Amino acid sequence: MRSSEPPANRPPSVDVLARSLAPTGLPHAVCVDIARDAIAAGDPASATQRALDFSRTLLMPVINATGVLLHTNLGRAPIAVAQPARPINVEFDLATGERGSRQTAVGQLYAKLCGAEAAMVVNNNAAAVMLVLAALAYDRGVVVSRGESVEIGGAFRVPEVMEQSGATLVDVGTTNRTRLSDYARAISRAGANVALAMKVHPSNFRVEGFVEDTSIAELATLSVPVVADIGSGLIDSNCPWLGGPPPAWLAGEPAARQSLEAGAALVTFSGDKLLGGPQAGIIVGRRDCVERCARHPLARALRPGGLVLAALQATALAYLDRSAASTIPFWRMVATPLAELEQRAIAICSTAGTGRPAAMQALPGAGSAPGVSMPSYGIIIDADRLVALRSWPTPIIARVREGRTYLDLRSVESGDDGAVAEALASPTAPG
Ligand SMILES: *Cc1c(COP(=O)(O)O)cnc(C)c1O
């Protein structure tokens, strides 16, 4: 044997193997790590599969066929973001040429939208609640109903947020019933040490039966300002942007405008739930209260960047010009007529040559409007196809029940119907 020829079983060099992974499109430095791992595992031939597996850990667009419109695992509200690589006047006043506030543009739009004096935005609603409590109730008490001392999910627990903000939770009433007199008694007992009354929307569950809670209007008669964490971000319970009556499933969902009208000093909500925008937390209400939040040192740590501000501005403008039902993806999905979904389901099944159209129930998701659903239409396949559907270049996320795959079209953009039909036509994904 000539010494220059490697023996047949000698592993390839890391560099050669890494270079062979170039068609995956991954950066060379990542391919080198993958090649090294494959060789170390004694299985160089696994490198390509490892590279493909790595690619699937990256963020990418997916098709949401779960029927859960605001799917927390899929980034809640879908939004279109198109920004040229240009500077934007995030903190620059074009009128004076001087430094401005990043809260001005978006703040005035959300104040207008909600009928408030002022508004500001932070990174998410958890941050909004934290900032409000830190700015208005540090070292003081906040009265909260025991029925609203809740966990919203993802480690947002009212007592813990309260503790982190430096405010003291004063819980009143019982799990199922809390009356105005419970709040009033706690406030008079603690005297000037109570800074706020807080109302938290128990977004993700519902207590039924012998239940009583106290409305914002009643709380507004107390001697302290009322803060309402409505969570969901419904702007107006009349949904004027839909050009018709609000959908039945929204009944009982608190809205920013009505919470302020009822007397809340501040209302906080998420940007990426029923508002249909980017991840953000919005604080609206009395000017003096918003200004105290804006001046607090935490405001700097919680402020959003230009990308989010631009997306929030586009979302607010869509509501103000009443185009929300057609331009905000979440509301477009909500507003799609059932008959249209049925037609799409029929067309997809006929193109794919498989599956059967079926009526379904879609959910708003993200803890909004718990226990309610909206009529929908989709496709049932008599087999579990979840893995294959997820393997398509644009992964399709569906649900399985009792061995059958359900694809709900209310959460699918109609432009993706072709991709869905193609994926259904083939029991396995390409590649
Ligand atoms: C969702 C929700 C939160 C948390 O909001 P994020 O935007 O996810 O931080 C807080 N409070 C209520 C009532 C909620 O529904």
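Me: How far is an oxygen atom of the ligand from an N or O atom in the side chain of K273?
Reply: This is a predicted model, so local features need pLDDT of at least 70 and side-chain atom pairs count only at pLDDT 80 or more, while totals for chains, interfaces and linings use all residues. Residues are numbered from 1 along each chain as its sequence is written, and side-chain values use heavy atoms, leaving out hydrogens and water. A polar contact is a pair of N or O atoms within 3.5 Å (within protein, one must be able to donate a hydrogen and the other to accept it, and residues adjacent in sequence count only if both atoms are side-chain atoms). For K273, the distance to an oxygen atom of the ligand is 2.7 Å.

Me: How much of the ligand's accessible area does the protein cover?
Reply: The side chain of S270 has an N or O atom 2.7 Å from an oxygen atom of the ligand, and R76 places a polar side-chain atom 3.0 Å from a ligand oxygen. Accessible areas come from the Shrake-Rupley method with a 1.4 Å probe, and for residues only the protein chains shown count as cover. On its own the ligand has 380 Å² of accessible area, and the protein covers 92%.

Me: How many residues of the shell around the ligand are nonpolar, polar and charged?
Reply: The ligand is surrounded by residues including N124, N125, H201, S203 and D229, where near means that a heavy atom of the residue lies within 4 Å. Both α5 (125-137) and β11 supply at least two residues of this shell. Ala, Val, Leu, Ile, Met, Phe, Trp, Tyr, Cys and Pro count as nonpolar, Asp, Glu, Lys and Arg as charged, and the others, Gly among them, as polar. On that scheme the shell divides into 3 nonpolar, 6 polar and 3 charged.

Me: What is the phi of R76?
Reply: Most residues other than glycine have a negative phi. R76 lies in the loop between β2 (68-70) and β3 (92-93), and at 23% relative accessibility it counts as partly exposed (buried is under 20% relative accessible area, exposed over 50%, partly exposed in between; 1.4 Å probe, protein chains only). Its phi is positive, near 55 degrees.

Me: Is E402, in the loop between β17 (399-401) and β18 (404-408), buried or exposed?
Reply: E402 has a positive phi of about 45 degrees although it is not a glycine. At 75% relative accessibility, E402 counts as exposed.

Me: How many residues apart in sequence are the parts that W241 and Y319 tie together?
Reply: W241 and Y319 form an edge-to-face aromatic pair, 4.8 Å centre to centre with 90 degrees between the planes. Rings of Phe, Tyr and Trp (its six-membered ring) pair if their centres lie within 6.5 Å; planes under 30 degrees apart count as stacked, over 60 as edge-to-face and the rest as tilted. W241 is in the loop between β11 (226-231) and α9 (256-261) and Y319 in helix α12 (residues 306-320), so the parts tied together are separated in sequence by 78 residues.

Me: Which residues form one aromatic cluster?
Reply: W241 is buried at 6% relative accessibility, and Y319 is buried at 5%. The ring centres of F330 and W331 are 5.0 Å apart with planes at 75 degrees, so this pair is edge-to-face. F330 and W331 are buried as well. The one aromatic cluster is formed by W241, Y319, F330 and W331.

Terms used: Helix = DSSP H or I, 4+ residues; strand = E, 2+ residues; numbered from the N terminus.
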